[in-house]
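Got your viewer open and a selection box ready? Load the model below and we'll walk through it stop by stop.

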Amino acid sequence: MKVTSRCLLVMLFTLTAAAVDAQVTDRQIAERFAPLFHQGLGSSPRSDYITRFDFDGDQRGDNNWVNAADKKFPLRAYVYYSVSQTRTHYVIHYAVFHPRDYKGGEVRGRLLSDLLRQGADIVGKNDPTGLLAEATSAHENDMEGALVVAAKNGTGLESASVEYVQTLSHNRFLPYVRSGSDQNTASFTADGQNVVLYIEPRGHGIQAHVLDDAKAKGNGSVIYRFTGKAEDPEVKRESPVGYDLLPLQTTLWPLARSHAKKKGLKYGRVHTYAPLKISVESASGRVQTKSVNIGRLGSAFLGNVGGRNMARPPWGWFDMNRRTDPLGLWFFDPARVIKRDFGLGESFSTVYAKLPFWAVR
């Protein structure tokens with residue numbers, strides 16, 4: 001078989017890219033594309049500061065509402081992350097935690113949520129949509145986030161460019177493309193390779209940041225930028241406030257698996273996830289179909305104030321407009337979801353360059 005010089009170049013590029021990808025860690029990828037967050041502040045800024053689930057030093061979910069108001073617990077800034085790679089793109093989940101969702105106000109919203117919860121309990125199976133159970137104005141714990149997708153464009157992180165973003169805002173995934181794209185979709189702005197996002201106060205839905213006077217009302221905002229140091233906005237009052245990254249793989253995920261058989265201190269709900277098939281590239285370059293039986297996982301944080309157990313980790317997120325999708329699809333097979341939702345062609349690969357951590361047994 002005759003091998004042309006062009007074929008040799010393609011082979012060399014593929015091998016070089018694979019070698020570089022193998023050397024780059026998930027942490028390095030997550031750092032490179034870590035978003036810039038504009039966090040809106042409402043009537044209770046401590047409830048709007050981003051932090052880690054165990055900011056109060058324990059793994060309980062049912063004392064976070066109370067402890068969020070206690071200044072002996074500093075609300076240092078952390079963002080959770082998880083990284084996947086396909087042949088063509090880096091795909092990174094970022095998850096942002098708040099101790100309280102206080103839509104409707106900390107007192108009034110909590111009381112309204114209690115009434116809605118009681119109504120949902122009474123209606124029960126007579127509400128097949130499940131929408132009444134979701135219609136809470138306030139609840140203990142809150143986690144929303146974003147999916148950032150960057151084209152590799154070569155053999156190093158410095159040449160990659162963010163092309164697609166989806167954010168979670170109140171059980172809806174909002175799609176964004178890079179400014180100048182020919183797709184009829186809202187666009188995001190970026191500071192270099194870092195997408196600029198806006199987190200609303202009180203309810204904490206996440207959107208692409210847009211300069212808008214309406215968003216500047218209230219108590220203003222605080223800007224969070226990745227620095228590798230988790231800073232306290234009550235100590236460092238000027239923006240930006242630095243945040244650090246926490247891997248989902250070694251924090252929330254192991255506890256979700258350990259609580260698979262019963263409810264625990266961190267998780268108030270468990271869910272049996274449907275088996276999933278993904279395409280994975282082996283070390284030899286062969287594409288294989290991997291069948292994964294995910295099984296039972298903790299799917300919602302334990303929370304007793306307002307709507308009970310309403311906050312979810314990324315594998316519990318869903319889009320109310322796509323309720324036919326199996327729960328967790330956005331987390332477990334993000335490349336497939338992005339390709340579908342943005343109508344992408346063959347230039348966007350859904351073959352994962354390595355087995356995701358959650359699929360390793």
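What follows is a short tour, from the whole chain down to strands, the core and the cavities.

**The whole thing**

Before you click on anything, keep in mind that this is a predicted model. Colour by secondary structure and you should get 9 helices and 17 strands. The protein has 361 residues, and 52% of them count as buried. If you draw contacts between residues with a separation of 6 or more, 69% of those turn out to join positions 24 or more apart.

**Stop one: β9 and its neighbours**

Select residues 194-199, which make up strand β9. How many of its 6 residues are buried? The count is 6 of 6, so to speak a strand that is mostly covered. Show the side chains and look along the strand: N194, V196 and Y198 point one way, while V195, L197 and I199 point the other. Both sets are buried.

Now bring in the partners. Add residues 36-40 for β1, which pairs with β9 in the parallel sense over 4 bridges. To find your place in that pairing, look for Q39, which sits opposite I199 of β9.

Next, add 190-191, which is β8; 2 bridges tie it to β9, and the two run antiparallel. Here D191 is the residue facing N194. β8 and β9 form a hairpin with 2 residues between them, and G192 in that turn has a positive phi of about 70 degrees.

Then go to the other end and select 206-208, strand β10, which is antiparallel to β9 and joined to it by 3 bridges. L197 lines up opposite A208 in this pair. The hairpin of β9 and β10 has 6 residues between the strands, and R202 in this hairpin takes a positive phi near 70 degrees.

**Stop two: A160**

Select A160, in the loop between β4 (139-151) and β5 (161-168). Is this loop residue buried or exposed? A160 is buried, because its relative accessible area is 6%, and the cut-off for buried is under 20%.

Show what surrounds A160: leaving aside neighbours within four places in sequence, A160 is in contact with F33, Y90, A150, A151, K152, N153 and Q193. For a distance to check with your ruler, try A160 to H89: they are 71 residues apart in sequence, yet C-alpha to C-alpha they are 8.5 Å apart.

**Stop three: the core and W358**

F33 comes up again here. The largest nonpolar core has 86 residues, and F33, Y94, W315, F332 and W358 are the ones with the most contacts inside it. Strand β3 (residues 89-101) gives the most to this core, with 7 residues.

Centre on W358. Apart from neighbours within four places in sequence, W358 is in contact with W253, L276, I278, V292, I294, F331 and F332. Keep W358 and F331 on screen, as both will return at the cavities.

**Stop four: a three-stranded sheet**

Select β14 (residues 276-281), then add β15 (287-292) and β17 (351-352). Together they make an open sheet in the order β15-β14-β17, with mixed pairing. β15 and β17 stand at the edges, each with a single partner strand, so one side of each is left without a neighbour in the sheet. β14 and β15 pair in the antiparallel sense over 6 bridges, and V280 stands opposite Q288 there.

**Last stop: the cavities**

Turn on a cavity display. A search of the whole structure finds 2 cavities of 30 Å³ or more.

The largest holds about 90 Å³ of space. Which residues lie nearest its centre? Select F173, F318, D319, D325 and W330, out of 13 lining residues. Helices α8 (329-332) and α9 (334-341) each supply at least two residues of that lining. By class, the lining divides into 8 nonpolar, 1 polar and 4 charged residues.

The second largest cavity has a volume of about 50 Å³. Select S82, V83, S84, H93, F331, P356, F357 and W358 to show its lining. Strand β2 (residues 78-85) supplies the largest share, 3 residues. This lining has 5 nonpolar and 3 polar residues, with no charged ones. With W358 still selected, you can see a residue that lines this second cavity and is among those with the most contacts in the largest nonpolar core.

Note on methods. Residues are numbered from 1 along each chain as its sequence is written. This is a predicted model: local features need pLDDT of at least 70, side-chain atom pairs count only at pLDDT 80 or more; totals for chains, interfaces and linings use all residues. Side-chain values use heavy atoms; hydrogens and water are left out. Buried means under 20% relative accessible area, exposed over 50%, partly exposed in between (1.4 Å probe, protein chains only). Two strands pair if DSSP finds at least two bridges between them. On a 1 Å grid over the protein atoms alone, a cavity is a set of points where a 1.4 Å probe fits but cannot get out, and a pocket is an open set with protein on both sides within 12 Å along at least five of seven lines; lining residues have an atom within 4 Å of a point. Grid points are joined across faces, edges and corners, and a volume is the space filled by probe spheres set on the points. Ala, Val, Leu, Ile, Met, Phe, Trp, Tyr, Cys and Pro count as nonpolar, Asp, Glu, Lys and Arg as charged, and the others, Gly among them, as polar. A nonpolar core is a set of buried Ala, Val, Leu, Ile, Met, Phe, Trp, Tyr and Cys residues joined through side-chain atoms within 4.5 Å. Contact means heavy atoms within 4.5 Å.
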